[in-house]
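Here are some notes to read alongside the model. Keep the 3D view open and find each residue as you go.

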Amino acid sequence: MIDNLCCFISTFKQRKYFIDHFVHYYRTSGLSCPLYVFSDEEDRTSDDMVIHIKDNYSSNADHLGRVPEWGHRLKDAISFLKKKYDYAIFSVDDGLFLDIDTKRFSDIFKKFKLYGGDYFSLQHDFKISLDYDKIDDDFLLMEKKNLTYYVTHQTSLWKLDSLDKITEYDDIACDHEGLGFSRMEKNNINLHCYDGNRIFDSV
């Protein structure tokens, strides 16, 4: 197991189809850290690899971007995880992991800790839109620029304290992404990205 790291999704029972598929692909991904599923489901079971944490939120929405109390869910999940972990892979529940270069990810995670990383995009190639400085092999520091999706909910590696700082209780998912840059700038949070092909292939 990778020390001090977990993966998590924050979701709800109407998304059961996506949650089931996410869990299935996670189990075959080769990642050696536990997955936490935060949801209001009653009957989801846990084991050493996949841990269900039942919350008290519910929703009639079927679109993650417009879910009421989305920010409350995420803040509560982060608070729970921070008691045990400093770092987490955060993903939406429909970001199914099809292929992961686990050795490359392990190397990047070591550099992420070494260089005091806040946020590392594992899927979105920010080199298309942003200038950058090369800090190390496969480890780029991206310029700060006001992009709408500077904070992406595609699979990313986070220092949990940094993710907590840019998350508000009254957020909906769309606002969280849209306001991400200004919050990161305010809190002096840096964005890092890979150099080459993306590390996590998913649908």
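**Notes on the predicted model**

1. Let's begin with K82, which is partly exposed, with a relative accessible area of 34%. Please keep in mind throughout that this is a predicted model. The side chain of K82 meets that of D161 in a salt bridge, with 3.3 Å from N to O. K82 sits in helix 2 (residues 70-82) and D161 in helix 4 (residues 160-165), so this pair ties together parts that are 79 residues apart in sequence. D161 is partly exposed too, at a relative accessible area of 30%.

2. K82 has another partner to look for: D164 forms a salt bridge with K82, and the closest N and O atoms are 3.2 Å apart. Because D164 belongs to helix 4 and K82 to helix 2, the pair links parts that are 82 residues apart in sequence. D164 is buried, with a relative accessible area of 17%. Through shared partners, salt bridges join K75, K82, D161, D164 and K165 into one network.

3. How many salt bridges does the structure hold? There are 16 of them. As background, side chains of opposite charge can pair when their charged atoms come close. One of these pairs is D93 with R15, where the closest N and O atoms are 2.6 Å apart. D93 lies in the loop between strand 4 (87-90) and strand 5 (97-100), while R15 lies in the loop between strand 1 and helix 1 (16-27), so the pair ties together parts that are 78 residues apart in sequence.

4. Are the two members of that pair buried or exposed? D93 has 1% relative accessibility and therefore counts as buried. R15, at 7% relative accessibility, counts as buried as well.

5. Now move to strand 2 (residues 35-39). Five of its five residues are buried, so strand 2 is largely enclosed by the rest of the structure. Try turning the view to see both faces: L35, V37 and S39 are buried on one side, and Y36 and F38 are buried on the other.

6. Which strand pairs with strand 2? Strand 1 (residues 5-10) does, in the parallel sense and over four bridges. Within this pairing, F8 has Y36 of strand 2 as its bridge partner.

7. F8 comes up again when you look at the largest nonpolar core, which has 58 residues. The members that touch the most other members are F8, I89, F105, F120, L157 and F200. To see this for yourself, pick L157 and leave out residues up to four places away in sequence: among the residues it touches are L5, A88, I89, F105, F109 and F112. The list for L157 also includes D118, Y119, F120 and L122.

8. Helix 3 (residues 102-114) gives you a nice pair of residues to set side by side. R104 is in helix 3, and at 16% relative accessibility R104 counts as buried. L114 is also in helix 3, but at 63% relative accessibility L114 counts as exposed. The cut-offs explain these labels: buried means under 20% relative accessible area, and exposed means over 50%.

9. What surrounds R104? Setting aside neighbours within four places in sequence, R104 is in contact with D138, Y194, D195, G196, N197, R198 and I199. At the surface, L114 joins Y115 and I135 in making a nonpolar patch of about 290 Å².

10. D138, one of the contacts of R104, deserves a second look for its backbone. Most residues other than glycine have a negative phi. D138, however, has a positive phi of about 65° although it is not a glycine. You will find D138 in the loop between strand 7 (132-136) and strand 8 (139-142), and D138 is buried, with a relative accessible area of 15%.

11. Where else can you find a positive phi in a residue other than glycine? Go to N4, whose phi is near 65°. N4 lies in the segment before strand 1. At 27% relative accessibility, N4 counts as partly exposed, whereas D138 is buried.

Methods. Residues numbered from 1 in each chain as written. Predicted model: local features only at pLDDT ≥ 70, side-chain atom pairs only at ≥ 80, totals over all residues. Heavy atoms only, no water. Patch = residues over 30% accessible without salt bridge, like charges linked within 9 Å, V, L, I, M, F, W, Y side chains within 5 Å. Areas by Shrake-Rupley, 256 points an atom, 1.4 Å probe, with all protein chains shown as cover. Salt bridge = Lys/Arg side-chain N within 4 Å of Asp/Glu carboxyl O. Helix = DSSP H or I, 4+ residues; strand = E, 2+ residues; numbered from the N terminus. Buried < 20%, exposed > 50% of the residue type's maximum accessible area, 1.4 Å probe, protein only. Core = buried A, V, L, I, M, F, W, Y, C linked by side-chain atoms within 4.5 Å. Contact = heavy atoms within 4.5 Å. Pairing = 2+ DSSP bridges.
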